[in-house]
2 protein chains.
Amino acid sequence: MSASIAVIGSVAFDTIETPAGRADDELGGSAMYFAVAASFFAPVHLVAPVGEDFPPASRAALAARGIDLASLETRPGTTFRWHGRYHEDVNKRDTLHLDLGVFAGFLPALRDTVRAAPYVFLGNIDPALQRAVLEQFTGPLLVGLDTMNHWIDAARPALEAILPRLDLLVINDEEARQLSGAGNVPTAARRILERGVRRVLVKRGEYGAVLFSPGSVFAVPAFPLESVFDPTGAGDTFAGGLMGALAASGDRSDAGLRRAIVYGSVLASFVVEDFGPRRMLGLGRDDIEARYRQFVALTQF
Amino acid sequence: MSASIAVIGSVAFDTIETPAGRADDELGGSAMYFAVAASFFAPVHLVAPVGEDFPPASRAALAARGIDLASLETRPGTTFRWHGRYHEDVNKRDTLHLDLGVFAGFLPALRDTVRAAPYVFLGNIDPALQRAVLEQFTGPLLVGLDTMNHWIDAARPALEAILPRLDLLVINDEEARQLSGAGNVPTAARRILERGVRRVLVKRGEYGAVLFSPGSVFAVPAFPLESVFDPTGAGDTFAGGLMGALAASGDRSDAGLRRAIVYGSVLASFVVEDFGPRRMLGLGRDDIEARYRQFVALTQF
């Protein structure tokens with residue numbers, strides 16, 4: 001039995017416009033993408049609020065992946081909603097509408113089962129909330145955290161206070177520069193490591209990801225796709241696949257982490273092939289292993 | 001004895017301004033960078049014009065690398081000169097001054113030794129000149145070509161005519177998009193392969209490179225460097241290291257080409273560490289092998 005993972009973040013409904021089309025009220029949110037990706041490898045506790053409008057069918061889709069929904073808390077009001085439009089270059093997008101709904105003021109009291117989870121992922125939310133949640137865990141083996149430019153700007157002291165508690169910080173190039181003040185990404189990563197984060201994983205979208213550890217660097221390309229249909233949730237899916245594979249193997253060595261990062265890349269390469277989590281929800285473990293082998297073929301020399 | 005390589009392109013003097021400083025009249029030019037990089041692996045014939053101002057010391061620096069300079073033709077006039085300034089983001093640069101000098105009107109008649117070279121690289125020059133030179137070779141085993149946005153714009157028919165003759169086209173993301181009309185790089189590469197190019201190698205600067213072959217893709221990251229001092233010539237150096245390693249091994253299989261691409265990446269990672277070719281001219285074969293092993297450590301999982 002794999003060790004379990006607790007993830008806190010958002011569960012949402014997204015309206016997504018891409019050059020390829022539009023999807024309304026698609027299941028979304030950082031914790032949802034993470035949880036589905038991780039669920040292929042390990043038991044997942046999903047900690048997030050939803051509104052009274054959250055339908056049984058969405059709950060059933062997550063339950064079908066074996067995700068523990070006891071902490072998917074129904075609160076008075078409506079579920080978080082986001083409406084975004086991607087440019088012709090799908091690396092760029094505009095947010096047309098955002099409604100936090102029941103997410104505003106959310107501060108969960110974790111159940112004992114969740115507090116005991118050995119793997120913890122703090123999705124991209126207010127650092128003060130990330131910290132308040134982290135303090136409820138009894139003794140996690142590995143803590144990962146995602147953040148974004150908004151929090152680095154608006155909540156830097158709270159974010160910096162939590163850095164020394166992190167085994168893995170997952171951010172993109174631009175966030176690494178912003179957090180560190182360094183223009184060069186390897187320099188940015190070194191400075192963040194100097195603040196006590198054990199490892200920094202820099203996401204580079206279509207260019208893959210780079211893991212910076214003290215004394216070691218690992219770079220993996222993204223899977224070359226002719227069509228990136230909908231990039232929504234790719235980063236959260238990447239983190240979920242990675243944490244899931246880590247929890248399943250229990251191998252937190254550099255080699256184990258590298259293999260887990262490739263599994264994260266595999267899941268991310270699938271999720272962008274259709275709107276929302278549709279493609280990922282239709283995967284089997286054999287699809288994942290087949291693409292893992294394609295990553296080996298893509299990178300070996 | 002390794003098979004020999006013939007390269008045609010420019011030999012120049014560059015004035016380079018980067019955020020780190022300035023160098024005046026630095027030895028430069030696409031064929032110079034290529035030839036020095038390739039010279040670590042195989043005999044190189046350098047085909048390029050220089051002016052009467054080209055000093056013995058520069059000639060001696062190239063001769064010291066064992067490069068055949070019998071086709072480094074001195075013509076009346078001055079050597080090609082370029083003056084560029086890099087932005088704080090060294091991926092961007094402005095050309096402040098460009099003087100083709102003796103390069104204008106250059107059309108070499110190759111000696112028999114050069115015409116027999118089994119490995120041919122057509123540096124980034126007018127496609128009509130690339131074609132006129134290519135036709136002088138008696139039976140090359142492998143022909144590589146570099147080009148740029150200017151030629152894709154201004155000389156597309158001549159460039160397209162030469163594509164079916166190429167074993168390896170070396171271009172960057174933007175040039176691949178421009179040449180193919182496809183916004184997505186894997187799609188762009190597929191379309192270029194459909195025109196008869198055997199393999200397309202897409203350079204992505206700080207993100208590495210991707211080789212597209214029919215039925216196979218290989219991606220290698222760039223070496224993570226805290227300081228990119230001067231990116232001038234990195235692409236030409238990459239191509240030179242790659243062609244040199246290919247000529248040395250004689251292994252033109254997919255596996256052989258992958259290893260050669262890593263050697264190209266190794267040379268490119270060195271050349272950017274100082275102005276012009278200074279760092280590369282100071283390398284030994286052991287430096288190259290040590291960084292090759294670092295690329296293995298960087299990518300293996």
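How many residues of chain A are in contact with how many residues of chain B? I opened the notebook with this count, keeping in mind that the model is predicted, and I found 27 residues of chain A in contact with 27 residues of chain B.

**Interface, area.** I next looked up the area buried between chain A and chain B, which comes to about 2400 Å², with carbon and sulfur atoms giving 56% of that area. I then asked which three residues supply the most of what chain A buries against chain B. They are A:Tyr207, A:Glu226 and A:Phe301, which together account for 33% of the area on the chain A side, more than any other three residues.

**Interface, polar part.** Turning to charged pairs, I noted that the rule finds four salt bridges across the interface of chain A and chain B. One that I looked up is the pair A:Arg190 and B:Glu226, whose closest N and O atoms are 2.6 Å apart. For polar contacts across the interface of chain A and chain B, I recorded 14 residue pairs, both residues of a pair being at pLDDT 80 or more.

I then asked which elements of chain A supply at least two residues each of the side that touches chain B, and I listed α8 (185-194), β13 (216-220), α10 (254-271) and α12 (285-299) of chain A. The largest share of that side, six residues, comes from α12(A). Sorting the side of chain A that touches chain B by class, I recorded 15 nonpolar, five polar and seven charged residues.

**Sheet in chain A.** I moved on to an open sheet of four strands in chain A, where the order is β3-β2-β6-β7 and the pairing is mixed. Its edge strands are β3 (21-28) and β7 (93-99) of chain A, each of which pairs on one side only. Neighbouring strands of this sheet are turned by 15° against each other on average, with direction ignored. Within the sheet I followed β2 (residues 12-18) of chain A, which pairs with β3(A) in the antiparallel sense over six bridges, and I noted that A:Asp14 stands opposite A:Glu26 in β3(A).

**Sheet in chain B.** In chain B I looked up an open sheet of four strands, for which the order is β3-β2-β6-β7, again with mixed pairing. The edge strands here are β3 and β7 (93-99) of chain B, each pairing on one side only, and the twist averages 15° from one strand to the next.

How many residues lie between β2(B) and β3(B) in their hairpin? I counted two residues between them; the two strands, residues 12-18 and 21-28 of chain B, pair in the antiparallel sense over six bridges, and in β3(B) the bridge partner of B:Phe13 is B:Leu27. I also followed β6 (residues 80-86) of chain B, which pairs with β7(B) in the antiparallel sense over six bridges, and there B:Arg81 stands opposite B:Asp99 in β7(B).

**Salt bridges overall.** I closed with the total over all chains, which is 52 salt bridges. One that I looked up within chain A joins A:Glu174 to A:Arg177, with the closest N and O atoms 3.1 Å apart. Both of these residues lie in helix α7 (residues 173-180) of chain A, where A:Glu174 and A:Arg177 are three residues apart, about one turn of the helix.

Key:
Residues numbered from 1 in each chain as written. Chains lettered and ligands numbered in written order. Predicted model: local features only at pLDDT ≥ 70, side-chain atom pairs only at ≥ 80, totals over all residues. Heavy atoms only, no water. Contact = heavy atoms within 4.5 Å. Buried area = accessible area lost by both parts, 1.4 Å probe. Salt bridge = Lys/Arg side-chain N within 4 Å of Asp/Glu carboxyl O. Polar contact = N/O pair within 3.5 Å; in protein donor to acceptor, adjacent residues only side chain to side chain. Nonpolar A, V, L, I, M, F, W, Y, C, P; charged D, E, K, R; others polar. Pairing = 2+ DSSP bridges. Axes fitted to C-alpha atoms, helices over the stretch in contact; angles between N-to-C directions.
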